[in-house]
Amino acid sequence: MLVVMKNDATEVQVQAVIREIESLGYRGIPMPGTQRTAVCIIDNTGPVDDSRLLVMEGVKETIRVTKPYKLVSRETHPQSTVIAIGDIKIGGGKPVVMAGPCAVESEEQALTIAHLVKKCGAQVFRGGAFKPRTSPYSFQGLGEEGLKILDKVRKETGLLIVTEATDHINIEVVDQYTDIIQIGARNMQNYSLLRQAGHASKPVLLKRSFAATIDELLMSAEYIMSEGNTQVILCERGIRTFSDNMRNTLDLSAIPSIKEVSHLPIIVDPSHAAGKRDYVIPLSKGAMAVGADGLLVEVHHDPPHALSDGMQSLYPEQFGELMEEIESLTR
Ligand code: PEP
Ligand code: MN
């Protein structure tokens with residue numbers, strides 16, 4: 001349920017409503033809007049009796065939220081959320097491109113690729129230091145050493161950093177070094193990790209699992225938001241279907257569907273959907289056409305020798321071409 005405050009409601013009245021909600025055994029989360037503040041009731045498992053709330057000073061009305069996710073829902077927060085990190089705005093109308101290798105392999109590799117993607121116009125550098133690999137024998141990432149390299153990339157290039165936390169333990173150190181914490185497809189329903197991400201100091205990039213419905217993705221975002229971190233960016237990266245022409249099937253329909261029901265920004269990762277670099281540019285153009293707020297793209301200066309996901313990593317020239325295509329589409 002949403003308790004909508006009057007336009008001229010005071011902060012004291014909002015706080016009184018939150019205390020009343022707590023006395024009913026729930027939590028009240030203030031959702032400031034451009035016109036007025038609303039307080040979203042969470043933690044209830046059934047309908048809430050609003051009789052005591054409706055008579056409080058400053059309260060205009062109550063609205064039942066019909067979705068199982070509350071804080072993520074557009075019913076609770078009608079304006080689209082814009083996540084501002086430094087000068088960059090995710091969800092602000094201009095697509096944000098996050099690019100870099102699948103994994104940080106060495107300082108030289110990361111810096112080389114970072115300078116290349118920056119020159120082409122990327123705003124955020126991606127690169128995994130903790131890698132969730134299907135095989136335990138594959139390269140698992142450089143761990144904290146990789147995070148230190150990413151820190152150097154930020155200092156040398158001015159690019160923001162997005163890197164993955166793979167469990168509720170390494171998320172603490174990832175939070176210290178990164179600008180955006182990535183939660184990977186395999187961890188979309190790792191609830192202890194999601195809860196920890198809800199206490200992190202940085203925005204979270206939550207990737208859709210290859211086996212999740214849109215409601216499941218949004219419920220996972222709700223886990224993060226319900227712990228207090230409202231800075232969540234969603235990411236569609238392809239789902240598993242009977243179609244076997246690509247590594248995954250990029251569900252572009254997820255973008256308008258999610259935008260209808262949620263205020264959170266959503267970006268597209270064409271690389272993990274494609275599995276093959278030649279499909280990345282057309283899928284990226286599709287993502288822009290359906291209204292994605294940005295892209296997460298794998299780029300490597302020497303893809304045949306990449307330690308992970310080389311087949312789907314763009315050559316720098318291809319990335320340059322992609323950026324030009326995006327620029328002309330969104331001009
Ligand atoms: C990645 O971004 O390199 C990654 C592992 O992605 P996903 O979690 O979508 O498989
Ligand atoms: Mn990858």
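In this predicted model, the buried residues of helix H10 pack against strand S13 (266–268), helix H9, strand S14 (294–298) and helix H11 (316–330). Helix H10 spans residues 280–289, and seven of its 10 residues are buried, so the helix is largely enclosed by the rest of the structure. The buried positions are Val 280, Ile 281, Leu 283, Ser 284, Gly 286, Ala 287 and Met 288. Just after H10, Gly 291 adopts a positive phi of about 95°.

The manganese ion (ligand 2) has protein donors at distances of 2.1 to 2.4 Å, namely Cys 102, His 272, Glu 298 and Asp 309. Along the chain these donors follow the spacing C-x169-H-x25-E-x10-D. Cys 102 lies in the loop between strand S7 (96–100) and helix H3 (107–120), and His 272 lies in helix H9 (residues 270–274), so this pair ties together parts that are 170 residues apart in sequence. Cys 102 and His 272 are both buried. The donor atoms are listed below.

| Donor residue | Donor atom of the manganese ion (ligand 2) |
|---|---|
| Cys 102 | SG |
| His 272 | NE2 |
| Glu 298 | OE |
| Asp 309 | OD |

Helix H3 also takes part in a helix–helix contact. H3 and helix H4 (residues 144–157) pack at an angle of about 35°, and their axes are 10 Å apart. Their crossing is right-handed. From H3, the contact involves Glu 107, Ala 110, Leu 111, Ala 114, His 115 and Lys 118, while H4 contributes Ile 149, Lys 152, Val 153, Glu 156 and Thr 157. By class, five nonpolar, two polar and four charged residues make up the contact of H3 with H4.

Another part of the model contains an open sheet of four strands, arranged in the order S2-S3-S1-S4 with antiparallel pairing. Strand S2 (27–32) and strand S4 (59–63) stand at the edges, each with a single partner strand, so one side of each has no neighbour in the sheet. On average, neighbouring strands of this sheet are turned by 25° against each other, direction ignored. Strand S1 (residues 2–5) pairs with S4 in the antiparallel sense over four bridges, and Leu 2 stands opposite Ile 63 in S4. Helix H1 (residues 11–23) lies across S1, S2, strand S3 (37–42) and S4, and runs at about 10° to S3.

Key
Residues are numbered from 1 along each chain as its sequence is written. Chains are lettered from A and ligands numbered from 1 in the order in which they are written. This is a predicted model: local features need pLDDT of at least 70, side-chain atom pairs count only at pLDDT 80 or more; totals for chains, interfaces and linings use all residues. Side-chain values use heavy atoms; hydrogens and water are left out. Donors are N, O and S atoms within 2.8 Å of the metal (3.2 Å for Na, K and Ca); water is not among the atoms, so sites may look incomplete. Helices (H or I, at least four residues) and strands (E, at least two) are DSSP runs, numbered from the N terminus. Buried means under 20% relative accessible area, exposed over 50%, partly exposed in between (1.4 Å probe, protein chains only). Two strands pair if DSSP finds at least two bridges between them. Axes are lines fitted to C-alpha atoms, for helices over the stretch in contact, and angles run from 0 to 180 degrees between N-to-C directions. Contact means heavy atoms within 4.5 Å. A crossing is left-handed if the near helix is turned anticlockwise from the far one by less than a right angle, and right-handed if clockwise. Ala, Val, Leu, Ile, Met, Phe, Trp, Tyr, Cys and Pro count as nonpolar, Asp, Glu, Lys and Arg as charged, and the others, Gly among them, as polar.
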